[in-house]
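The following paragraphs lead the reader through one protein structure. They begin with a pair of helices and then turn to the whole chain.

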Amino acid sequence: MPASQEPLLNLAAWVPCTEVEGPGRRFALWTQGCLLRCPGCCNPHMFALAPRWIVPVSQLVKEIAQAREQFHIQGITLLGGEPVLQARSLAVLARECRRAELSVMLFTGYYLEQLQEARFPGVEELLAVCDVVVAGPYRRELPETRRNWAGSANQRFHYLTDRYGPEIETDPRFRPAIEIRFHPNGLAMWNGWPVVAATKKPPSRPLLEEDASCQPEAAPQESACPPPCSPQLRASAHC
Ligand code: SF4
């Protein structure tokens, strides 16, 4: 494919293996840019529709394949920011993942019917290769207390294939937790349950580095609050 036609993604962050952004170990990526501005959003640094980390989809496909080999991930999770604003390129990525038998989980701030009306380019193609979609804006007055991964009680889970079902929403193996990654340069990145994450300070800048946890045989993270680190870099919004 000529370089000019290479699908690109504008990302805020990604991690090759996380256990708190969907069922099992997953490659998670956060897209840059969101139009919704939900009050209380824990990722305001991902609002701007401006270039952040421009990454070719082909590079991510390779990194996901590597993560599969190294960490035995079972799928990818797309978060933001608002992923559907980059649905065309995400559809290409997600299709490649599905070909490799990886599952695809999408968090979007729009309800499905809004997506159908808004007709963001590529959304139909993206939804066609998603296994589960968590849809709806974050509403801080309705904090989620029962279901895994959802930030607020208005958000809806949609199962578009039979790979997962509603039992994952309350499966205790996936109970709400956060992960924190410390890096040799003194910075840290954390992600996970937004109700926990919302208590933290805003990030100072993005961080894209090698995953420091999630070793191939690592036990699931405990949900205990991590010690404070400074500065804190956040990449989490289940919206
Ligand atoms: S919660 Fe999600 S949809 Fe809402 S403003 Fe934040 S990133 Fe956008």
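**A helix pair and its surroundings**

In this predicted model, helix 1 and helix 2 pack with their axes 10 Å apart and at an angle of about 30°. Because angles under 35 degrees count as roughly parallel, helix 1 is described as roughly parallel to helix 2. The crossing of the two helices is right-handed. On the side of helix 1, the residues that meet the partner are V57, L60, V61 and I64; their counterparts in helix 2 are S89, V92, L93, E96 and C97.

Helix 1 also contains Q66. This residue counts as partly exposed, because it has 13 C-beta neighbours inside 10 Å. Although Q66 and P16 are 50 residues apart along the chain, their C-alpha atoms are separated by 8.5 Å.

The wider setting may now be considered. The protein has five helices and ten strands, and 46% of its 239 residues count as buried. Among contacts with a separation of 6 or more, 75% are between residues 24 or more positions apart.

Which residues have the most contacts inside the largest nonpolar core? They are F27, W30, L90, A94, V104, L126 and C130, in a core of 50 residues. At least two residues of this core come from each of several elements: strand 1 (8–18), strand 2 (26–31), strand 4 (75–79), strand 5 (103–108) and strand 6 (132–135), together with helix 1 (57–71), helix 2 (87–99) and helix 4 (123–127). Both members of the helix pair described above therefore contribute to this core. In general, nonpolar side chains tend to be buried together in soluble globular proteins.

C130 offers a closer view of the core. Leaving aside residues up to four places away in sequence, C130 touches A94, V104, L106 and L160. A second core, separate from the largest one, has seven residues; V20, I178, A188 and W193 are among them.

Several loops carry backbone features worth locating. Between strand 4 and helix 2 lies the loop that holds G81, and the peptide bond from G80 to G81 is cis, with omega near 15°. After helix 2, the loop leading to strand 5 contains E101. The phi of E101 is near 65°, a positive value in a residue other than glycine. Is E101 buried or exposed? E101 is exposed, since 10 other C-beta atoms lie within 10 Å.

A further positive phi in a residue other than glycine, near 55°, belongs to R119. R119 is found in the loop between helix 3 (112–118) and helix 4. With 9 C-beta neighbours inside 10 Å, R119 counts as exposed.

Finally, the confidence of the prediction should be taken into account. The mean pLDDT of the protein is 83, and 79% of its residues reach 70 or more. Over residues 215–239 the pLDDT is below 50, and the model gives this stretch 71 contacts beyond near neighbours in sequence. Residues 196–213 also have a pLDDT under 50, with 45 contacts beyond four places in sequence in the model. Where pLDDT is low, the predicted coordinates should not be read in detail.

Note on methods
Residues are numbered from 1 along each chain as its sequence is written. This is a predicted model: local features need pLDDT of at least 70, side-chain atom pairs count only at pLDDT 80 or more; totals for chains, interfaces and linings use all residues. Helices (H or I, at least four residues) and strands (E, at least two) are DSSP runs, numbered from the N terminus. A residue is buried if 20 or more other C-beta atoms lie within 10 Å of its own, exposed if 12 or fewer, and partly exposed in between; C-beta atoms are placed from the backbone. Two residues are in contact if their C-beta atoms, placed from the backbone, lie within 7 Å. pLDDT is the predictor's confidence in each residue, from 0 to 100. A nonpolar core is a set of buried Ala, Val, Leu, Ile, Met, Phe, Trp, Tyr and Cys residues joined through C-beta atoms within 7 Å. Axes are lines fitted to C-alpha atoms, for helices over the stretch in contact, and angles run from 0 to 180 degrees between N-to-C directions. Angles under 35 degrees count as roughly parallel, over 145 as roughly antiparallel, 65 to 115 as roughly perpendicular and the rest as oblique. A crossing is left-handed if the near helix is turned anticlockwise from the far one by less than a right angle, and right-handed if clockwise.
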